[in-house]
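Biologist: I should be grateful for a close look at one part of this predicted model, namely the open sheet of chain A. Which strands form the sheet, in what order, and what packs on the sheet?

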Amino acid sequence: MRRIVVLLIALSLGMVGMGGVIAQEEQVLVVGLSEDYHSLDPSRAYEPGGSLVHHSVYDTLVTFPSDSVSEIIPNLAESWDISEDGMVYTFTLRDDVTFSNGDPLTAEDVVFSFNRMKNLKDNPSFLADTIASVEAPDDLTVVLTLTQPDAAILAKLIFDAFSILNADVVREQGGTDAEDAAETDTAEDWLMNNSAGTGPYMVANYEPTVQTVLVRNPNYWGEPAFFDRIIIQNLPETSTQKLALEAGDIDIAMDVIADQVASFEANPDIEVFSTQSDTLIWLLMNADPEIGGPVSDPLVQRAIRYALNYEELRFLSGEGANNPASMVPIGFAGALDPSEGFAQDLDKARALLEEAGYADGFTIDLEYPDFNYIGTEFGIVAQKVQADLAQIGITANLVPQEFQVSLDLYRNGEQGFSLWLWNPDYYDTLDYVEFLPSGVVGNRTNWTDENADSAILELRDAVKTELDPAVRAELFGEIQRWLQEYGPYAPLFQPGVHFAYRSDLQGFAYNGQWRVDLTALSR
Amino acid sequence: MALHKYLARRLLLMIPLLIGISLVAFLISNSIPADPTAANLGERAAADPEIVAAFRAKWGLDEPLHVQYLTYMRNLLQGDLGTSIRSRRPIAEELARYLPATIELATAGIVVSVVAGIIFGVISAVWRNRPIDFFVRFISLIGVSAPVFWLALIGLLILYLRLDIVPGPGRLDARIPAPPYMTGMYTIDSLLAGQWSTFRNAVEHLLLPSLVLGAFSSGLITRITRSSMLEVLSQEYMMTARSKGLKERHVILRHGLRNALMPVVTIIGLSYGSLLSGAVLTETIFAWEGIGRYAYNAARTLDFPAIMGVSMLIAIVFVVMNLIVDLLYYWLDPRLRQG
């Protein structure tokens, strides 16, 4: 026994010694993140924090430029053709791509990865709802057949869940793309501490809620990344992240809140990046009179939109926040220019209320999840809405709810008048069709094919299948203007999103899909 | 009563207690008007009836409550604490990962508070109403009343950022890999593995959080020690001891402190129990992923198996702490041994 202990000590001392030598030459990037993911299986990807890992380790067929989501560019697929009816997408893969273990990428890997993602029936599986089949007629050709024309399919394919994994390796570790994958696939355990991707990095070690360590992929097919190692360290508290960044222990703070921006800007060692987030904060006005009461009346809904002071609401969320004109956030193709948005007009609001038969106003409950989302305190926003509505005679009683409780009521369509947020599921404007009748949010508002105006139903059906970008933009414009007049929502603002990093870091770029491309950074 | 009989009885009493606690934890977490489906499935998956039905079936949520409870208890009897809904990992594995972090921090915290608390308490009782007494009472008042997250942030700001004498948040520097898992406590594991630099780093990382965590209980222990000492110091046997010509130091420590310790031990036991059941705020600010954070996250996401596991664990911690306190009484007070 003693001999074993001595051996162990000697071995571990040796390891420390070796570690020391490597550490001297090694370039390490340390990222501070409030860890939100529980799995590193990309086919189960859902949380935004996980994208930092997936985007570094895996590739997708097509992608976005690192600083925008407005253009789709080639990645593993060097080109693609779309059939006239928009039902069949044929991708041609690059012929020089290898996985981190040296295996060449083949079309079979793509078929396996897509089918596995769909059949795992996990959080992102809905993204494959419009995919009828994936086939590999030869090693470098992938044919994707849809169930209906889907103008958003390429944008969906960019999400982490459509990452391409090495089929042979994942199969060896218990993975399967069969229809019963949800019950039979056991590869997740292995994918927590290993990876099987074509990206610039590989997963070296994942210690849940402590850190995720990535190392450079020696077989990467593109330009090698600068950093030898990336450590994503879990720092759940934003004030701690700030201190660690100031002390130089981390290179990037991913969860900066608006209040901290000024103090960072005064520090020459630190750069700040601020923009509006893709999160939309909005008011729900239930279309069912039994539930919504007075706010189910389109005239009242419009009056409420005119009663709000949007600039002051945005101010509550701090720096970087912005007001979208309608229910499509700024940054998405076809979103109305913010200048077309609402300006507070109390006279108009009062006149509309009178027209609706509520000259003396009314009393209503305003429900909201009582929490803070990326620096936006819902309670404070609700108070501001209450104050604005009081000016036109509407008495809003604030009803704060515990988040999960509120979420349940909202998803079941039981809230009459409430404050909510929506994050994009994928980066195509089509995601906002969910706000239209019988969409995910439409249903929660009890706004369905039965009670909706035929004009909006026609617009909705047209935009869902339209493939021509110019016509789509036009249709989205019409939909947003229609919602400004008659929709059961009030768009409030998009909160700011902020990142801070050490000034010696080069190559920082942001887009909403994966936020920061860690592989493009250098020192 | 013989000690081993007493112990056996106490341990047997744990069984009904744990059953009671499991029942209460189960009923409370199931009576919240929120659905674990919504908490654990994404926006779209939760809107898909097929996925929701599969989810409910997988986690047994489609069974009646009493069946769910009995299934849980049956598995528990076989040593199976179930699987976390949130992370899909076995609860036992997760508790084994997070509890050692908390034990390490709570132990360091209680050592700080016991040493500081007893020394301050004795000093302030012996020099009652002198300036030093007022000073100690003032400090202990701060310890008891300052919010822990404020202390933690101020501590980090001064000692970490400005003076750079303690390391930042976390149990180790980001660049230092964790020692091989033996006990889960980094200080002990690094020693066992002979990784001296890792050990040093782990100890350094413990300093500030244990000071912050110890501040509250040391304030409490100071106050209790002081009042208990004052009572003992006025007893007649103290005068007897002095009149026998014993040295003052001997009188105070052997005759005074030992007799004053009974209520102090109770407070230490309770403090240690509450430190062991996790300190969410301290753990959050210092990125110290322990039982407190685990319990918080479990509750937030309605992860029923995790909530149950952590409730049972904390119950056991308190029962064991109480048992240890009672055994200490036994040792401190000879009358109990004879009676």
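Modeller: Seven strands of chain A make up this open sheet, in the order β8-β9-β10-β1-β11-β20-β12, and their pairing is mixed. The edge positions belong to β8 (201-207) and β12 (270-276) of chain A; each has a single partner strand, so one side of each is left without a neighbour in the sheet. On average, and with direction ignored, neighbouring strands of the sheet are turned by 15 degrees against each other.

One pairing may be examined in detail. Strand β9 of chain A, residues 211-216, runs antiparallel to β10(A), and five bridges join the two. Within this pair, A:Gln211 is placed opposite A:Gln233 of β10(A).

Helices pack on the sheet as well. One of them is α8(A), which touches β1, β11 (252-256), β12 and β20 (496-502) of chain A. The direction of α8(A) makes about 155 degrees with that of β11(A). Helix α9 of chain A, residues 258-265, also packs on the sheet, where it touches β11, β12 and β20 of chain A. Between the direction of α9(A) and that of β12(A) the angle is about 145 degrees.

Parts of this region also take part in the contact between the chains. In the predicted model, 39 residues of chain A are in contact with 37 residues of chain B. On the side of chain A that touches chain B, at least two residues each are supplied by α1 (2-25), β1 (28-33), β10 (229-234), α8 (238-246) and α15 (403-411) of chain A. The sheet strands β1(A) and β10(A) and the packed helix α8(A) are thus among the contributors. The largest share, six residues, comes from α1(A). Sorted by class, this side of chain A has 21 nonpolar, 10 polar and eight charged residues.

The setting of the sheet is the whole of chain A, which has 18 helices and 22 strands. For 523 residues, a compact globule would have a radius of gyration near 24 Å, and the 25 Å of chain A agrees with this. Taken along the principal axes, the C-alpha atoms of the chain fill a box of roughly 90 × 55 × 45 Å. Of the 523 residues in chain A, 51% are buried. Among contacts in chain A with a separation of 6 or more, 69% are between residues 24 or more positions apart.

Notes: Residues are numbered from 1 along each chain as its sequence is written. Chains are lettered from A and ligands numbered from 1 in the order in which they are written. This is a predicted model: local features need pLDDT of at least 70, side-chain atom pairs count only at pLDDT 80 or more; totals for chains, interfaces and linings use all residues. Two residues are in contact if their C-beta atoms, placed from the backbone, lie within 7 Å. Helices (H or I, at least four residues) and strands (E, at least two) are DSSP runs, numbered from the N terminus. Ala, Val, Leu, Ile, Met, Phe, Trp, Tyr, Cys and Pro count as nonpolar, Asp, Glu, Lys and Arg as charged, and the others, Gly among them, as polar. The radius of gyration is taken over C-alpha atoms; the globule rule is 2.2 Å times the number of residues to the power 0.38. A residue is buried if 20 or more other C-beta atoms lie within 10 Å of its own, exposed if 12 or fewer, and partly exposed in between; C-beta atoms are placed from the backbone. Two strands pair if DSSP finds at least two bridges between them. Axes are lines fitted to C-alpha atoms, for helices over the stretch in contact, and angles run from 0 to 180 degrees between N-to-C directions.
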